[in-house]
Amino acid sequence: MVIMDKDPVELGYKNVGKKTAMAKRDFVVFAGFLILMEGVGALMGMMTAPGGAMRPDDDWFDNLVKPSWNPPNWVFGPVWTLLYFMIALSAFKVYRKIGFSQALPWMVFFIQITLNFTWPLIFFVGHQLLGGLIDIILMLVFIILNISVFIPVEKSAGLLLLPYLAWVTFATYLNYTLWRLNPDASTSHLCYIFSDNVFLCNN
């Protein structure tokens, strides 16, 4: 005869409580990743767009010589919105597997995201075609590394980053082409923005 020292009903309530707590935590984490990617991405887009807070009356990009295959400006918003969602979902899937217990996957992830958010500042605000190219090449390398460290944890998380890799590969070639077509287009525009450090630009 088996004597149960725990009330099955009580155990059931505890299990439901644990599942509810986990579901709430998962919701908060996923919302955090979405806010990071979609929120910060949108904020950077608005601030660095023509007429934005960091580019008032700035027609520098419009005046660049562009290749015939340069996408129209309206394409970039929807593409990045979708890609940022997929990046957030990818990160969440890894979180569901390992939490934040392993440093390497998250270090690589946050480095490539930082490079992503830095690129429009260098390219659109700073008017630095070569600087943007260096940044996006580093981003491309870290996206590949990101995929390689996510796949062993959760294969679908790594696969979700493949469209991101494809788009950034295309964007890298576009940045390179713009740099080659506009050898004299780089300016010291960042000096005017960060005027307190203007001495850095006195070359």
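# Briefing: an all-helix chain

Arginine 96 counts as exposed because its relative accessibility is 53%; exposed means over 50% relative accessible area, buried under 20%, and partly exposed in between, with a 1.4 Å probe and protein chains only. The structure is a predicted model, in which local features need pLDDT of at least 70 and side-chain atom pairs count only at pLDDT 80 or more, while totals for chains, interfaces and linings use all residues. Residues are numbered from 1 along each chain as its sequence is written, and side-chain values use heavy atoms, with hydrogens and water left out.

**Overall build**

- The protein chain contains seven helices and zero strands; both are DSSP runs numbered from the N terminus, with helices (H or I) of at least four residues and strands (E) of at least two.
- Read from the N terminus, the order of elements is α-α-α-α-α-α-α.
- Of the chain's 203 residues, 38% count as buried.

**Salt bridges**

- The chain has two salt bridges, where the term requires a side-chain nitrogen of Lys or Arg within 4 Å of a carboxyl oxygen of Asp or Glu.
- In one of them, the side chain of arginine 96 meets that of aspartate 26, with 3.2 Å from N to O. This pair joins distant parts of the chain, since arginine 96 lies in helix 2 (residues 73-98) and aspartate 26 in helix 1 (residues 8-48), 70 residues apart.
- The two partners differ in their surroundings: arginine 96 is exposed, whereas aspartate 26 counts as buried because its relative accessible area is 13%.
- Lysine 97 and glutamate 154 also form a salt bridge through their side chains, at 3.6 Å from N to O. Here too distant parts of the chain are linked: lysine 97 belongs to helix 2, and glutamate 154 to the loop between helix 4 (129-150) and helix 5 (155-159), 57 residues away in the chain.
- Lysine 97 has a relative accessible area of 52% and therefore counts as exposed.

**The nonpolar core**

- The largest nonpolar core has 46 residues, and Phe33, Trp106, Phe109 and Tyr164 touch the most other members. Such a core is a set of buried Ala, Val, Leu, Ile, Met, Phe, Trp, Tyr and Cys residues joined through side-chain atoms within 4.5 Å.
- At least two residues of this core come from each of helix 1, helix 2, helix 3, helix 4 and helix 6.
- Helix 2 supplies the largest share, namely ten residues.
- In soluble globular proteins, nonpolar side chains tend to be buried together.

**Helix 3 and the loop that follows**

- Helix 3 covers residues 103-125, 23 residues in total, and spans 32 Å from first to last C-alpha, close to the expected 33 Å; the expected span is 1.5 Å times one less than the number of residues.
- The helix has a kink of about 30 degrees at threonine 118, shortly before proline 120. The bend at a residue is the angle between axes fitted to the seven residues ending there and the seven starting there.
- Glycine 126 is located in the loop between helix 3 and helix 4 and counts as buried because its relative accessible area is 0%. Its C-alpha is 8.1 Å from that of serine 186, although 60 residues separate the two in sequence.
- Histidine 127 is part of the loop between helix 3 and helix 4 as well, and its relative accessibility of 6% is why it counts as buried.
- Although histidine 127 is not a glycine, its phi is positive, at about 60 degrees. Most residues other than glycine have a negative phi.

**Helix 6: buried and partly exposed residues**

- Leucine 162 is found in helix 6 and counts as partly exposed because its relative accessibility is 41%. The C-alpha atoms of leucine 162 and leucine 83 are 9.8 Å apart, with their positions 79 residues apart along the chain.
- Asparagine 175, also found in helix 6, has a relative accessible area of 1% and is therefore buried. Its C-alpha lies 5.8 Å from that of leucine 133, while the two are 42 residues apart in sequence.
- Tyrosine 176 is another residue of helix 6 (residues 162-181), and it counts as partly exposed because its relative accessibility is 31%.
- Trp69, Tyr173 and Tyr176 make up a nonpolar patch on the surface, with about 310 Å² of accessible area together. Patches consist of residues with over 30% relative accessible area and no salt bridge; like charges are joined within 9 Å and nonpolar side chains (Val, Leu, Ile, Met, Phe, Trp, Tyr) within 5 Å. Accessible areas come from the Shrake-Rupley method with a 1.4 Å probe, and for residues only the protein chains shown count as cover.
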